[in-house]
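Morning, everyone. I have one structure to walk through today, and I'll keep it brisk. Please have a look at it first.

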Amino acid sequence: MRKTFMFAAACCAANLAHGQAPPSVGQPQGINLGGTSFFDGITGTEPGWAYLATLRYGSANAIKDNTGTDLPFFNRPKIRATTLVNQFSYTSATRIGNGTLGFNALLPTVHLDGSFAQPGAVLQGGGTALGDLIAGPVLQFDMMPGPTGHPMFVHRLEFDVIFPTGRHDRQSDLNQGSGAYAVNPYWAATLFLGPQWEVSWRLHYLYNFKNTDPASSTPTAWQGRPVTDTQAGQAAWINFAASYAITRHLHLGLNGYYFKQVSDSKANGADMAGSREQVLGLGPGLMLEIDQQGGKKDVLWLNTYTESEVRNRARSRLVLQARYVHTF
């Protein structure tokens, strides 16, 4: 779960100089940037429930403009985000073709903390609160065997909706909720390259709807008019990973994500040129399988990322993540 800060920097700096500033517009923090890793194309097809918990910590010490340069308005910025995502997954007995129908619901609790040296601009807000609810149906397809009968490929489709249920204070720059609806379909897949190697990916698309109650700690204007609505641009991104089986239960590998905003954000219905976000995250990870009684398994992932190629957002030099799945 991520919170972005596009245009918040320009907002604060312009306000210092002119008394009124451009709006702060950013992608919702609830999107899955690197939240999934190895064996991502696989979920259970037996009817029942699973609980997934993801704990993520990110520490950013730079806020970038649309060229990747540190914005000069801030003096030693530090933005820390700690998120606990509680996810419940249900697999039904309903079959559609060679797939099994299910449903996912995720609710994050987000702590945001920002500190800024003086003199310089400051982003207001933070604290601990619930983020936006994310929910949607999922279709998990059956495993496809290779020529020798061993598993070769498995994939899944999901259509999520982001509901603006999280805290969204219109007087703050750092908010746990986005203040707008969004739709986020994805395709996840795992390809087995042999008995010990696998490659996984998750392709996302994001469409953000209009925010009619935009948030900022300073008065905002766009093209000479007070800002009454904003809309973050459409985006696409991929989570990717590859792992090697050290033992039957332990897998080590590399994971990453690449996010690209593909259309400009808007204020009062007008495009904001130079507003597109981008980020690349890379790092090592591991996956540990834990046997349960009755043949079921719990799974633990540990991942870390460092971000680069950052545009129009805060850059996290360090992201730490632990994800645990328990099947009932």
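One definition before we start: buried means under 20% relative accessible area, exposed means over 50%, and partly exposed is what lies in between. Keep in mind that this is a predicted model.

Let's put that definition to work on a glycine. Gly114 sits in strand β3, residues 99-117. Is Gly114 buried, partly exposed or exposed? Its relative accessibility is 27%, so it counts as partly exposed. The reason is that 27% falls between the 20% and 50% limits. What does Gly114 touch, once we set aside neighbours within four places in sequence? Lys78, Ile79 and Leu174. Now compare Gly114 with Asn211. The two are 97 residues apart in sequence. In space, their C-alpha atoms are 24 Å apart.

Next, the whole chain. It has one helix and 19 strands. The radius of gyration is 21 Å, and the globule rule gives 20 Å for 328 residues, so the chain is as compact as a globular protein of that length. Along the principal axes, the C-alpha atoms fill a box of roughly 70 × 35 × 30 Å. Of the 328 residues, 52% count as buried.

How do the contacts split by sequence distance? Take those with a separation of 6 or more: 68% of them join residues 24 or more positions apart.

Now the inside. Which residues have the most contacts inside the largest nonpolar core? They are Ile31, Leu33, Leu206 and Phe259, in a core of 16 residues. Three elements give two or more residues each to this core: β13 (235-245), β14 (250-261) and β18 (297-311). Apart from that one lies another core, with 13 residues. Among its members are Phe74, Ile79, Ala121 and Leu174. You have met two of those names already: Ile79 and Leu174 are both contacts of Gly114.

Last, the outside. The accessible surface of the chain comes to about 14,300 Å². Carbon and sulfur atoms account for 62% of that. There is also a nonpolar patch on the surface, formed by Trp49, Phe88, Tyr90, Phe103 and Phe328. Together these residues have about 550 Å² of accessible area. Take Tyr90 from that list. It lies in strand β2, residues 75-96. Its relative accessible area is 34%, so Tyr90 is partly exposed.

That's the tour. Over to you for questions.

Technical notes. Residues numbered from 1 in each chain as written. Predicted model: local features only at pLDDT ≥ 70, side-chain atom pairs only at ≥ 80, totals over all residues. Heavy atoms only, no water. Core = buried A, V, L, I, M, F, W, Y, C linked by side-chain atoms within 4.5 Å. Buried < 20%, exposed > 50% of the residue type's maximum accessible area, 1.4 Å probe, protein only. Helix = DSSP H or I, 4+ residues; strand = E, 2+ residues; numbered from the N terminus. Patch = residues over 30% accessible without salt bridge, like charges linked within 9 Å, V, L, I, M, F, W, Y side chains within 5 Å. Areas by Shrake-Rupley, 256 points an atom, 1.4 Å probe, with all protein chains shown as cover. Salt bridge = Lys/Arg side-chain N within 4 Å of Asp/Glu carboxyl O. Contact = heavy atoms within 4.5 Å. Rg over C-alpha atoms; globule rule 2.2 N^0.38 Å.
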